[in-house]
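Hi everyone, thanks for coming. I'd like to walk you through one structure today, so please have the picture open in front of you.

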Amino acid sequence: MRIRQHPILMFTEKQKIQFYYNGKQVYGYDGDTIASALHALGIKNLSHSIHLKRARGFYCAIGNCASCNMEVNGEPNVRTCITPLKKDMDVKQQVGKGRPYDA
Amino acid sequence: MHKEVIIIGAGPAGLTAASQLLKIGVEVMLIDRNDLVGGQLTKQTHMFFGSEKQHASKRGIDILTMLDEKLKQYPNKLTVFTQTTVVGLYNDKVVTCIKDDRYFKLSADAIIIATGASEKSLPFENNDLPGVYAAGAVQTLMNVYGVKPGHKVLMVGSGNIGLIVSYQLMQAGVHVVGLVEAADHISGYLVHASKIKRLGVDLWMNTSVKKAIGVDSVEAVEIWQLDDQWQGIPGTEKQLEVDTICIAVGLAPLTELLQQIGAEVVYIRELGGNVPRVNKHYETSINNVFACGDVTGIEEASSAMIAGEITGIETALKLGYHVPNHTAKLTQLHCDLDTLRQGPHGSKIRQGIAKLGVQL
């Protein structure tokens, strides 16, 4: 779901970044946030609501609404819409409030 | 670390406030939770309206480059913290932040809150499904990261954001199935509405979303007509196959930090919700804490940039700086703001400011 052609903006091919989504090796590109990389892969379901376990996705893209919170490198509640993607990040769909973080 | 002024939020208001302060000779620390500075300007590929002074017919992204260049002239006076979230604000002008898992304190003589606003949600069945996204968020996804939100989109709301993002979705190659508006008329500029209409997008007035349909993400949407009390009319339901529903029903000022520090906040519907009670110098009820931009009332980026300039000058004056010709400059800036707020599209903001009871 990457934009290839655009009348105003230039989206040149950037460096590939390998990361993990629920244990599976996937790729994003330099300049991506975690959420944009996942969305480009067609992954919209990022977490589940705490009580009813309903699917949760991206919403505000400014790090405000908490809808895109995921578990990243073991840390729960990472705002994936404003967190830049880094090589080898271990990104997991969050269950509920997420597991306690062992730093 | 201590600086004379801390600005929270590096969007149009925060950046212009910083630029004014730096020009006057004041040290500034600029904090933003995003990776990129610019706030909403980072994704505004459309040309601005207004007069040339407000950068009309320049694209938001180019205005940002210009502001960025201005700030780069003052490397010794400016510190920028990106990917930094302010989590606490205290009366002694201490600001606590988190960046990269590290918690630290900053302090200043004056603080400018330019946190902007967040997009509102809309109540309907299944409005929490992935695929229901704020329109501005979709604009960021496309124009900053080059990613499409989906293949087929229903836009909800005919304000300028709804209209402009519809057009930008089409520029990105996404099919806009239609646009619904609960009111009986287009609420944004007709020029934007005409543009998407000409491209074949249906604009349905007196219509809203009844429910989103899908299991783990949006697969379709059911829309229905509304009566004059904005209630859905049974029997008028229509199902559309879409994978994305964009919500463009307005914004609410982000006043949490102001409330945390105990600044007086009032609810003014026309300004978008809770806003700080600022005086004409854009100072809140707390000494040396200023606020400008959308956090003081939802407007356009052009107005936020002027308000930022005013606040920059006012803050410098409050800190005892000499600002040459400040009276004339401030009068001119206020006059520019008044001009932007003229006409039927400015009536809401004019009413809101009248309720606030100050000359902003």
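**A strand in the middle of a sheet**

Let me start with one pair: Leu154(B) has Ile245(B) as its bridge partner in strand E15(B). Before going on, a word on where this comes from: the model is predicted, local features need pLDDT of at least 70, side-chain atom pairs count only at pLDDT 80 or more, and totals for chains, interfaces and linings use all residues. Residues are numbered from 1 along each chain as its sequence is written, while chains are lettered from A and ligands numbered from 1 in the order in which they are written. When I say helix or strand, I mean a DSSP run, with at least four residues for a helix (H or I) and at least two for a strand (E), numbered from the N terminus.

Back to our pair. Leu154(B) sits in strand E9, residues 152-156 of chain B, and E9 is joined to E15(B) by 4 bridges, running parallel. What joins strand E8 (residues 132-134) of chain B to E15(B)? There, 3 bridges do the job, again in parallel, and Ala134(B) has Ile247(B) as its bridge partner in E15(B).

Now put those strands into the wider sheet. It is an open one of 5 strands in chain B, in the order E8-E15-E9-E10-E11, with parallel pairing; pairing here asks for at least two DSSP bridges between two strands. E8 and strand E11 (203-204) are the edges, each pairing on one side only. Over at the E11 end, strand E10 (residues 175-180) of chain B connects to E11(B) through 2 parallel bridges, and Val180(B) stands opposite Trp204(B).

Is E15 of chain B covered on both faces or open on one? Both are covered: Thr244(B) and Cys246(B) are buried on one side, Ile245(B) and Ile247(B) on the other. Buried means 20 or more other C-beta atoms within 10 Å of the residue's own, exposed means 12 or fewer, partly exposed is in between, and the C-beta atoms are placed from the backbone. Helix H3 (residues 135-143) of chain B lies across E8, E9 and E15, at about 85 degrees to E8(B). Such angles run from 0 to 180 degrees between N-to-C directions, using axes fitted to C-alpha atoms, for helices over the stretch in contact.

**Two helices and the whole chain**

Next, helix H1 (residues 12-24) and helix H2 (residues 60-72) of chain B: their axes come within 9 Å and cross at roughly 30 degrees. That makes H1(B) roughly parallel to H2(B), a label for angles under 35 degrees; over 145 is roughly antiparallel, 65 to 115 roughly perpendicular and the rest oblique. Residues making this contact include Leu15(B) and Leu22(B) from H1(B) and Leu67(B) and Leu71(B) from H2(B). Contact means C-beta atoms, placed from the backbone, within 7 Å.

Stepping back, chain B has 9 helices and 19 strands. Its radius of gyration is 21 Å, close to the 21 Å the globule rule gives for 360 residues, so chain B is as compact as a globular protein of that length. That radius is taken over C-alpha atoms, and the rule is 2.2 Å times the number of residues to the power 0.38. Of those 360 residues, 50% count as buried.

**Over to chain A**

Finally, the two chains meet: 30 residues from chain A and 26 residues from chain B make the contact. On the chain A side, H1(A) gives the largest share, 3 residues.
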